[in-house]
Amino acid sequence: MLLSVSHIKKSFGDVTVLNDISFSIERGEHFALVGRNGSGKTTLLNIIAGLLPEDDGVTALEKDARIGYLPQYVNTVMEGSLFDYVFGSRPDIISDEKKLALMEDEMKKLSGEELSRHIEDYQTLSHLFELKGGPSYRSEVEGALIGLGFERSDFSRSTDTLSGGQKTRLSLARILMGSPDLLILDEPINHLDLKSIEWLEGFLSAYKGAYLLVAHDRYFLNKVTDHVLSLYDEGGRTYRGNYEAFVSQRETELITNKRAAQKQQREIAHQEEVIKKLKQFNREKSIKRAESREKLLEKIEIIHELKEEGVIRPLFSSRFESGKDVLSVNSLEKAFDDKVLYRDLSFELKRGERVALIGDNGTGKTTLLKQLLSYLKDPDNGHVRLGTNVSPGYFDQEQKGLSEEKTILDEVHDNYPQMTELSIRQALSAFSFTGDDINERIGQLSGGERARVSLTSLMLSHDNFLILDEPTNHLDMESKEALEDALSIFDGTILFVSHDRYFVNSVATRILELYNQRLIEYLGDYDYYVKKRDELHALYTMEEEDAAEKTLKATASKEAFSRSKEEKAKKQKTERLLKKTEEEIEALETSIKELDFEIQKPENMSNSLVLTELSQKQEEAKKALQELYDEWDRLSGV
């Protein structure tokens, strides 16, 4: 066992952050750490890394095992060039490389037996050097730096010229190249663009060591993890599989727990009623029976119902339906001084479409959204036209429209003065603002809280065309999932910018990519975009000098897109059948246990007719259960 964490507790003042956390990690296992904001994820990582003492419990790391820790905020003192800083993560390789170079020089001066012994020593050290990955280490360092967004021209730069985000990326490169036995990464993708995230996904997926990481990018977690450590419940809980597998298991667990808790409460209520009646008889025998039942009740271990608190459940709906043609953009162009962001952009949006606008940082996505709403001065060329009865609503990722001095309640009420305070409170509760929360000043809110205030106002606008600029920034995973659900059933049209690939995959029906100042269209979700991206980029490059500079279309036919939709529908049907089968299995297992309980009763054991009938029912139930097990295996692909 590489890491063992046993009964860890940690409090800050009167607030308990971690309570009785236990789990273990074996070599090669890839863990995600998930939980609500404030559940103690960073605190737990700091304890494991030895940077924070636990109040109680034990953390044990395998002897001689090495840890590499990347905190959220890097304040490490760095010296030398970027390349040297990362290259220095493996002093053993550097030392061996120097020794081998010296031994090569020595060989030139030796002869005879002395040379033979020297060659033998050289070969031994050279073999060890190869086992450590020494010959390829230099190129791997270069690959890590480039993969994490640095240029070759940056390699010789001094580390003291870096920004905070660049230092985080450089620290990540050094930690990865150090090849520790256990990586601990707290939000490693915070300062990475899409290309760097994809590089990191490939690196971690192939990583032979173990790691425990925190990230709010569910697409990333699905790619790189095979275990999930959940802090949603007291004591924590380990699940096998990636994030999607965890969500599925968690949902089943909540349903099962709820049923068990409700069943137990019904049984307790029944027993309490029986006890009450026995006591009313006021006879010695009945009183003793009542006391006996009371003792049994006292020994019952209460099943506490698991709660999914803090999950927003918004509902976006439009006041009236727009025309079929929602937005028409023709030959749009925008430049700032000598920098052209985009040119000759033309596209249309139809009612009911949910279109994601993606592209590298700096390509002009936010500028384009603001142009569509005339928040910037007129475009240099081209025009934008909204369709009939189109009512646009805008979510600004910076929330500049919020008033810092207002309370949450006043902010929303001033936008919708015709609404009662009760109605506004109900709307805010859909975004997890309850009780005294609504009296907090906007200026005191976190990024996620400010985003939820803006989303509340947007929801209340009932606009039929939502234009969203990074709506999931700063939101925790539960909030993201709830927002996805709400937008996926929205009866209007959506155009949005997002770097959250899971969100794009869940919401978008079409993707527009800003690439080299033009648009490339993909008739599918994010997974489809990944499949076609390189092909379309190559096609764009080939046609770049062509006179007809038009919006490129994804080459896949409508039939291929239709097949993709059919496959998705088939998958969803299988998932529903699988869930139904699991529920039936649970019901049959309960029934078999109840029959077994009846069979064991003395009065039934002595009655051959009743015993035969009960045994027959149990056998039929077991046979049906085995058929359900077989069906579950078939549906789950086991």
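Here are a few worked exercises on a predicted model, covering one glycine, one pocket, one lysine and some salt bridges.

**Exercise 1. Work out where Gly 448 sits and whether it is buried or exposed.**

Step 1: Find the element. Gly 448 belongs to helix α14, which covers residues 447-461.

Step 2: Check the accessibility. Gly 448 comes out at 9% relative accessibility, so it counts as buried, since the cut-off for buried is under 20%.

Step 3: Look for partners beyond the local stretch. If you skip neighbours within four places in sequence, Gly 448 is in contact with His 474 and Leu 475.

Step 4: Try a C-alpha distance. Pro 471 is 23 residues from Gly 448 along the chain, and their C-alpha atoms are 9.9 Å apart.

**Exercise 2. Describe the second largest pocket: how much space does it hold, and which residues line it?**

Step 1: Start with the volume. The second largest pocket holds about 1200 Å³ of space.

Step 2: Go to the lining. It takes in 45 residues, and those closest to the centre of the pocket are Glu 187, Ile 189, Asn 190, Asn 473 and His 474. You've met His 474 already, as a contact of Gly 448.

Step 3: Ask which helices chip in. At least two lining residues come from each of α1 (41-48), α7 (194-205), α11 (365-372) and α14.

Step 4: Sort the lining by class. There are 24 polar, 12 charged and 9 nonpolar residues.

**Exercise 3. Lys 41 is a charged residue. Find out what surrounds it and how far away the nearest side chain of opposite charge is.**

Step 1: Place the residue. Lys 41 is in helix α1.

Step 2: Search for a partner. Lys 41 is buried but has no salt bridge. The nearest side chain of opposite charge is that of Glu 187, 6.6 Å away. A salt bridge needs the nitrogen and oxygen within 4 Å, so this pair doesn't make the cut.

Step 3: List the contacts. Not counting residues up to four places away in sequence, Lys 41 touches Leu 33, Val 34, Gly 35, Arg 36, Val 214 and Leu 231.

**Exercise 4. Take three salt bridges and say how exposed each partner is.**

Step 1: Get the total. The model has 36 salt bridges.

Step 2: Take Arg 90 and Asp 92. Their side chains form a salt bridge at 2.9 Å, N to O. Arg 90 has a relative accessible area of 11%, so it is buried, while Asp 92 is partly exposed because its value is 28%. Both residues are linked with Asp 96 and Lys 132 in a network of salt bridges.

Step 3: Take Arg 152 and Glu 142. The closest N and O atoms of this salt bridge are 3.5 Å apart. The pair links distant parts of the chain, 10 residues apart: Arg 152 is in the loop between α5 (134-147) and α6 (164-177), and Glu 142 is in helix α5. Arg 152 reaches 53%, so it is exposed, whereas Glu 142, at 23%, is partly exposed.

Step 4: Take Glu 294 and Lys 279. Here the closest N and O atoms are 2.6 Å apart. This pair also links distant parts of the chain, with Glu 294 in helix α10 (residues 284-299) and Lys 279 in helix α9 (residues 243-281), 15 residues apart. Glu 294 is partly exposed at 26%, and Lys 279 is partly exposed at 41%.

How values were computed
Residues numbered from 1 in each chain as written. Predicted model: local features only at pLDDT ≥ 70, side-chain atom pairs only at ≥ 80, totals over all residues. Heavy atoms only, no water. Helix = DSSP H or I, 4+ residues; strand = E, 2+ residues; numbered from the N terminus. Buried < 20%, exposed > 50% of the residue type's maximum accessible area, 1.4 Å probe, protein only. Contact = heavy atoms within 4.5 Å. 1 Å grid on protein atoms, 1.4 Å probe; cavity = no way out; pocket = protein on both sides within 12 Å on 5 of 7 lines; lining within 4 Å. Points joined across faces, edges and corners; volume = space filled by probe spheres on them. Lys, Arg positive; Asp, Glu negative; His and termini not counted.
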